[in-house]
Amino acid sequence: MQKKHLSAVERSAKPLDPAGSLKETVSYAFKNSPFYRRAFERAGLKPEDIRDAESFSRVPFTTKNDLREAYPYGMAAVPLNDILRIHASSGTTGKPIVTGYTRHDLENWSEAVARICAMAGVTSADIAQISFGYGLFTGGFGLHYGLEKLGATVVPFSSGNTERQLSLMQDFKTNVLVSTPSFAIYMAETARDLGYDPLDFKLKIGLFGGEPISEAMREDIEKQWGLKATTNYGLTEVVGPGISGECPEIKGMHILEEFYYPEIIDPQSEEILPDGSTGELVLTPLFKEGFPVLRYRTGDITRLIAEPCACGRTNRRMDYITGRSDDMIIIKGVNIFPSQIEEVLAGFSEVSPHYKLVLHKKKGSIKDLEVQVELTQSGFSDRFRELEALESRIRQSLRSTLSMAPRIKLMEPKSLERTTGKAKRIIESEDQSLE
Ligand code: DLL
């Protein structure tokens, strides 16, 4: 790594020793976690069997369901007395997934987040407003302590109250915005409604994460706010934010391999795939004491990029998430990812970045897909013919990408729900009368 390009926080990274770290991680989990001791016994494995990356592939995967069943403290590997903080993912169904952090975990987590922020170009001279929720969600606290560790000035706004966020952002001369990309878009819209020009704010860098950012969304945010939009990735089950993030090259997200061991598998056969192949990301954090997890199946679809990056960092990158294995919509035998629909819609200047997918189901199986497309003010017309023609062009374009034509419903400007957190794109509707 060409260290001169790096900030102090990144220069302090330990040299990589994946085999050594994996051995230690496995033996720690076996010794301290009743969950993993049972899992190893079931698989007929002893920690000594794990000597390198190859033998590590014998360790059974951990799934979301395992963590759900372990609710609330079944994954703990230390006495609860040593847990300083709990976070949990909200989850759409069933029990939340809980994770707990020791002091050592919190220190490493902040360090990891600090490195991600430094990589995106944030420095100790910056003022960062955190618009992620502070609570069980890992986004608010995760970015908070990472940015503090970096030495930046943190404005811990949390989510909601968009008007006040805007007025403080202006008064405080905030130059870094930390939020979901959908909130950054919503904030720009609200700013305009209130008579501000977003370009008059001092924003320089967006540290966005928690959900995918499409190229169209990134361009839109950069143009509206005049900032450099970066994305960073993480998930509660592994630690929260601070797993991978972009350098200024914006060519994928560098994984902090000194903290996490990444693998890509075929989600069906569970076979490990080589760098460059697309599949499901599996992660093993290498530092966790509190709630360790081995070979966690993230459900996120991506690929690892091993080619050197022009920035000089040698950490492998992961490509942008194209979908989640459990997000795939199977309708009439066709597999569809919401990101494919988003990409098609982004090609139409008449539609806003807000859309919803309604899955019309009968007895749990999807019978019909409706895409609710919101028009922009300029795309809106009171001429029925024009709207009909637009609808037909959108349907044609979706048909050629998806190999099936969903129902299209054009919605009036600003009629779809906005969010201050992660966008909720999918709505399920059960209807017994469907064919
Ligand atoms: O969203 C952690 C986080 C907070 C990351 C703030 C970055 C910034 P969860 O709520 O558990 O944790 O959701 C994790 O969100 O499995 C991905 O599907 C998705 N996700 C997170 N970041 C990105 C990203 C946090 N940059 C789930 N791009 C993950 C695409 C992302 N998807």
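A polar contact is a pair of N or O atoms within 3.5 Å. The exercises below apply this cut-off and others to a predicted model.

**Exercise 1. The ligand and its polar contacts**

Determine which atoms of Asp300, Asn232 and Glu211 approach the ligand, and state how much of the ligand the protein buries.

*Solution.*

Step 1. Begin with the side chain of Asp300: one of its polar atoms is 2.6 Å from a ligand oxygen atom.

Step 2. Turn to the backbone. A polar backbone atom of Asn232 lies 2.7 Å from a nitrogen atom of the ligand. For Glu211, a backbone N or O atom is found 3.4 Å from a ligand nitrogen.

Step 3. Consider the surface of the ligand. Taken alone, the ligand exposes 610 Å², and 90% of that area is buried by the protein.

**Exercise 2. The shell around the ligand**

Describe the shell around the ligand by its residues, by the elements that supply them and by their chemical character.

*Solution.*

Step 1. Count the residues: 20 surround the ligand, and the closest are Thr231, Asn232, Thr236, Asp300 and Lys422.

Step 2. Assign the elements. The largest share of the shell, 5 residues, is supplied by β7. Two or more residues each come from α7 (138–150) and β7 (228–235).

Step 3. Classify the residues: the shell holds 7 nonpolar, 8 polar and 5 charged residues.

**Exercise 3. Cysteines without disulfides**

Explain why Cys247 and Cys309 form no bond with their closest cysteine sulfur.

*Solution.*

Step 1. Recall the chemistry: a disulfide joins the sulfur atoms of two cysteines covalently. The cut-off for such a pair of sulfur atoms is within 2.5 Å.

Step 2. Examine Cys247. Its closest cysteine sulfur belongs to Cys311 and is 3.7 Å away, which is too far for a bond. Cys247 is buried, with a relative accessible area of 1%.

Step 3. Examine Cys309. The closest cysteine sulfur is again that of Cys311, here at 3.6 Å, so the distance is too far for a bond. Cys309 is likewise buried, its relative accessible area being 10%.

Step 4. Extend the search to the whole structure, where 0 disulfides are found.

**Exercise 4. The faces of helix α3**

Establish where the buried residues of α3 lie about its axis.

*Solution.*

Step 1. List the buried residues of α3 (residues 34–43): Phe35, Tyr36, Ala39 and Phe40.

Step 2. View the helix down its axis. The buried residues of α3 fall within an arc of 125°, so they line one face of the helix.

Step 3. Relate this to helical geometry. With 3.6 residues a turn, residues three or four places apart in an α-helix point the same way.

Step 4. Inspect the other side of α3, where Glu41 and Arg42 are exposed.

How values were computed
Residues are numbered from 1 along each chain as its sequence is written. This is a predicted model: local features need pLDDT of at least 70, side-chain atom pairs count only at pLDDT 80 or more; totals for chains, interfaces and linings use all residues. Side-chain values use heavy atoms; hydrogens and water are left out. A polar contact is a pair of N or O atoms within 3.5 Å; within protein, one must be able to donate a hydrogen and the other to accept it, and residues adjacent in sequence count only if both atoms are side-chain atoms. Accessible areas come from the Shrake-Rupley method with a 1.4 Å probe; for residues, only the protein chains shown count as cover. Helices (H or I, at least four residues) and strands (E, at least two) are DSSP runs, numbered from the N terminus. Ala, Val, Leu, Ile, Met, Phe, Trp, Tyr, Cys and Pro count as nonpolar, Asp, Glu, Lys and Arg as charged, and the others, Gly among them, as polar. Buried means under 20% relative accessible area, exposed over 50%, partly exposed in between (1.4 Å probe, protein chains only). The arc is that of the directions from the helix axis to the C-beta atoms.
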